[in-house]
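User: Could you take a close look at one part of this model for me, the surroundings of the ligand? After that, I'd like to hear about whatever else catches your eye, in one go.

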Amino acid sequence: MTWHAHFIASQEEFDGAPLLRREFELEEGHGAVRSADLAVSALGIVEPYVNGEPVSQDLLTPGWTSYEWRIRVVHYDVADRLAQVNVLGLAIGNGWYRGRLGWTGARALYGNRIAGFAELTITFEDGAVQRIATDDTWTSGPSAVLANDLYDGQTIDARLRSDDWLRPGFSSAGWGAVDVLDETTDKLSESQAPRVSRQQEVAPQRMWTSPSGKTLVDFGQNLVGWVRVRVRGPVGSEVVIRHAEVLENEELGTRPLRSAHAEDRYILSGGDDVFEPTMTFHGFRYAEVIGWPGELGTDDITAVVVGSDLERIGTFSCSDPVLDRFHQNVVWGMRGNFLSVPTDCPQRDERLGWTGDIAAFGPTAAYLYDVDAFLKDWLLDVSLEQAHHEGIVPFVVPDAIKYFGIPPHHGDGAAPTALWSDAAAWVPWDLWEAYGDRDALATQFDSMVWHVRKVREALSATGLWDTGYQFGDWLDPDAPPEAPDKAKADPSVVATACGYRSALLVAKAAAILGKDAEHAEFEELADRMKAAFNEHYVNEGIVRSDSTTVYSLAIVFGLLDGDDLRVAGDRLAELAAQAGYRISTGFAGTPFIADALTVTGHLDDAYRLLMEHENPSWLYSVTMGATTVWERFDSMLPDGSINPGEMTSFNHYALGGVADWMHRTIGGISALEPGYSRILLAPRPGGGLTWASSSLQTPHGRVSVDWRIDASGMTVDVEVPDGATAVLRLPGADDRELTGGRRTESVPLAVIDGARG
Ligand code: BGC
């Protein structure tokens with residue numbers, strides 16, 4: 001596309017959130033306006049206005065991409081908003097472009113000048129076209145936003161607020177010229193990625209004075225967004241809102257935020273003020289309010305949940321309130337970390353697209369929300385960053401940390417990192433399975449192939465991936481708090497297993513896409529890695545480093561056969577029992593351990609692990625009041641203190657990856673064919689649950705399973721979408737073929753007990 005507009009920047013700095021404006025008249029003599037398309041983008045973030053009103057409710061536009069090569073452009077239909085004389089306005093914030101990113105304190109990683117881009121194309125009744133585009137005819141001026149940063153927060157001075165700049169005839173005293181930047185518009189990329197917007201409002205649950213005299217507010221839910229306040233107080237006085245996910249010693253526990261200040265500051269006008277920062281976001285459940293004039297009331301303050309617009313498609317609920325709450329925590333964790341890019345955490349000085357985290361969480365995400373467009377968009381950046389790093393998929397995408405000298409690999413050898421780099425192969429596969437999205441495989445195929453070839457280069461002569469540093473089974477609960485990579489699982493066993501899975505998935509993708517040569521190439525590689533794994537790491541079913549994660553990966557990824565598989569399954573169950581069903585896996589093993597137990601005939605052990613309440617376990621956090629999934633099983637220690645490790649977020653989705661097992665095994669919904677054209681309905685009760693209820697909006701329609709157990713047995717209501725087929729597999733009963741429609745089936749209790757053996 002050829003653009004007429006350019007990126008334009010305010011010549012003066014204006015404290016970081018400049019306004020850009022252009023007034024124009026509609027050309028006359030062409031009849032009525034037939035259409036008016038406003039294309040908008042920014043180096044930074046942009047809030048566009050037409051004739052005094054925001055153009056949309058979108059936030060943090062155009063979101064974060066690998067700006068070096070790709071900047072999203074978004075379109076709005078503004079035909080209804082135009083008058084004879086019009087004003088187009090853009091408010092520009094730092095966002096990811098010029099704000100802080102990463103833990104070094106660095107900012108402006110992409111560039112020093114934030115800029116706006118707008119091209120308004122008006123088509124009249126007679127076909128004539130009028131264009132208004134950002135160029136040197138625009139002017140720039142200051143705003144009421146005195147500071148804005150995603151990590152640190154926003155400062156707004158209400159005394160400076162005025163909408164006059166958005167009105168025709170505004171006399172722009174104090175306004176200045178703009179510079180047309182050299183930045184090319186070739187990077188502008190049309191995108192289907194979901195926009196970011198306000199998702200929900202949450203009222204305070206409790207407000208009180210802390211022991212040290214601070215005014216604290218509890219919103220009852222760890223969430224991502226910001227606080228909106230309504231306030232009236234002396235002109236020039238200041239109200240400050242600080243944020244934290246947890247309390248410690250009855251005060252805000254801000255240490256886990258590390259260097260992120262997460263503080264919004266408001267200077268009052270003296271009249272009725274409403275403040276809501278839109279150029280930052282925070283991960284928080286609690287707020288501290290400083291400088292409030294008079295007494296803070298519950299109506300004065302509201303939490304606003306912000307995130308990417310994703311359609312909720314999958315549901316799950318069950319009879320156990322603690323497990324049910326855990327599932328809600330998984331959902332909240334996902335909501336907070338699907339904000340423009342899939343992030344590790346939303347609150348501290350990271351909020352980065354850590355690849356390993358989404359590799360662990362992808363299948364769960366794809367069930368809960370329709371993440372097809374969101375992740376496909378992110379995968380474009382995976383390909384771009386990978387190409388920049390000559391085939392190596394970096395730790396984070398967009399790779400901001402390359403700017404502070406962190407290479408896309410650890411140590412000397414330029415090699416990928418297991419689980420993290422494997423996201424390049426696993427995430428497209430997740431989209432294929434969940435949505436039958438062949439395009440995800442086709443678009444990412446070169447990236448998938450390149451990644452696995454890089455893995456092949458990293459193998460030693462044995463065929464094992466045992467070279468270089470690995471994050472391994474990151475955050476194994478038995479690793480010391482300060483050394484999250486010191487896991488029980490041998491990192492080379494983890495790496496070889498993950499690399500094997502990637503090789504296999506790429507071989508399968510090649511077959512689906514009709515790429516015979518690659519199919520043969522990667523099948524051969526997968527065979528070689530499997531043979532090496534068995535030769536070097538498996539001894540009569542015992543896997544090197546004899547820990548839960550290595551068995552989980554070896555079993556679920558299909559590295560073991562025959563007796564070895566049986567022995568490994570038994571050994572895994574034995575280790576789980578020996579640990580008293582406390583969880584003993586980190587990022588790599590946690591998404592897979594329940595499946596590994598289930599497929600090797602240890603369903604009861606999987607349930608015991610899942611239903612455990614003692615630390616460390618999935619449900620321990622719930623018993624400690626968690627409302628999101630934590631980065632570590634024990635981010636908060638049993639005495640209520642915060643884990644001393646540096647990596648202690650209270651909102652990390654990775655360990656919530658077990659929800660995928662819950663959806664398939666408790667809920668009973670899984671895809672037999674990609675995109676659920678053929679569905680397996682196989683709920684497997686256990687763990688003392690008496691009912692579970694699940695549904696999924698598949699590409700073919702809604703599928704649901706509701707089961708309950710009472711004295712007479714198990715009753716199951718199922719719904720299969722028209723156009724799909726299903727296999728109904730109930731405990732102790734023969735498989736039944738189903739077509740579209742609703743059915744109710746029952747299994748007597750004796751049969752279920754018999755099936756459990
Ligand atoms: C992030 C993780 C990430 C890890 C890898 C952490 O700082 O929060 O989730 O995957 O680093 O080292």
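Analyst: First, a word on labels: helices and strands here are DSSP runs, with at least four residues (H or I) for a helix and at least two (E) for a strand, numbered from the N terminus. And keep in mind that this is a predicted model.

Now the ligand. Its surroundings consist of Asp344, Arg348, Glu350, Trp354, Asp357, Trp420, Phe471, Trp474, Phe587, Glu631, Met647 and His652. Sorted by character, that shell has six nonpolar residues, one polar and five charged. Three side chains put a polar atom within reach of ligand oxygens. For aspartate 344 the distance to an oxygen atom of the ligand is 2.7 Å; for tryptophan 420 it is 2.9 Å, and histidine 652 also has a polar side-chain atom 2.9 Å from a ligand oxygen. As for how covered the ligand is, it would expose 310 Å² on its own, and the protein buries 97% of that.

Phe587 belongs to that shell, and the residues on both sides of it in the numbering, Gly586 and Ala588, turn up again as contacts of threonine 549. That threonine sits in helix α9, which covers residues 548-556. Its other contacts, leaving out residues up to four places away in sequence, are Asp473, Ala489, Val494, Thr585 and Gly589. Threonine 549 counts as buried because its relative accessible area is 1%, against a cut-off of under 20%.

Helix α12 (residues 603-611) is another place where things are packed away: seven of its nine residues are buried, so the rest of the structure largely encloses it. The buried ones are Leu603, Asp605, Ala606, Tyr607, Leu609, Leu610 and Met611. What provides the cover? It includes α2 (321-337), α10 (562-578), α11 (593-599) and α14 (659-667).

The backbone has a few oddities to check. Most residues other than glycine have a negative phi, and most peptide bonds are trans. Against that background, a cis peptide bond links threonine 61 to proline 62, with omega about 5°; proline 62 is in the loop between β5 (53-54) and β6 (71-77). Valine 397 and proline 398 are also joined by a cis bond, omega about -5°, and proline 398 is in the loop between α4 (372-388) and α5 (423-435). Glutamate 390 lies in the loop between α4 and α5 too, and its phi is positive, near 50°. Glutamate 390 is exposed because its relative accessibility is 59%, where the bar is over 50%. Glutamate 540 also has a positive phi near 50°; you'll find it in the loop between β28 (538-539) and β29 (542-543). At a relative accessible area of 66%, glutamate 540 is exposed as well.

To finish, some strand pairing. Strand β31 (residues 678-681) runs parallel to β35 (residues 725-728), and four bridges join them; leucine 680, for one, has valine 727 of β35 as its bridge partner. On to β36 (residues 736-738), which runs antiparallel to β35, with three bridges between them. There, leucine 728 is bridged to arginine 736. So β35 takes part in both pairings, as β31 bridges to it and β36 does too.

Key
Residues numbered from 1 in each chain as written. Predicted model: local features only at pLDDT ≥ 70, side-chain atom pairs only at ≥ 80, totals over all residues. Heavy atoms only, no water. Buried < 20%, exposed > 50% of the residue type's maximum accessible area, 1.4 Å probe, protein only. Contact = heavy atoms within 4.5 Å. Near = heavy atom within 4 Å. Polar contact = N/O pair within 3.5 Å; in protein donor to acceptor, adjacent residues only side chain to side chain. Areas by Shrake-Rupley, 256 points an atom, 1.4 Å probe, with all protein chains shown as cover. Nonpolar A, V, L, I, M, F, W, Y, C, P; charged D, E, K, R; others polar. Pairing = 2+ DSSP bridges.
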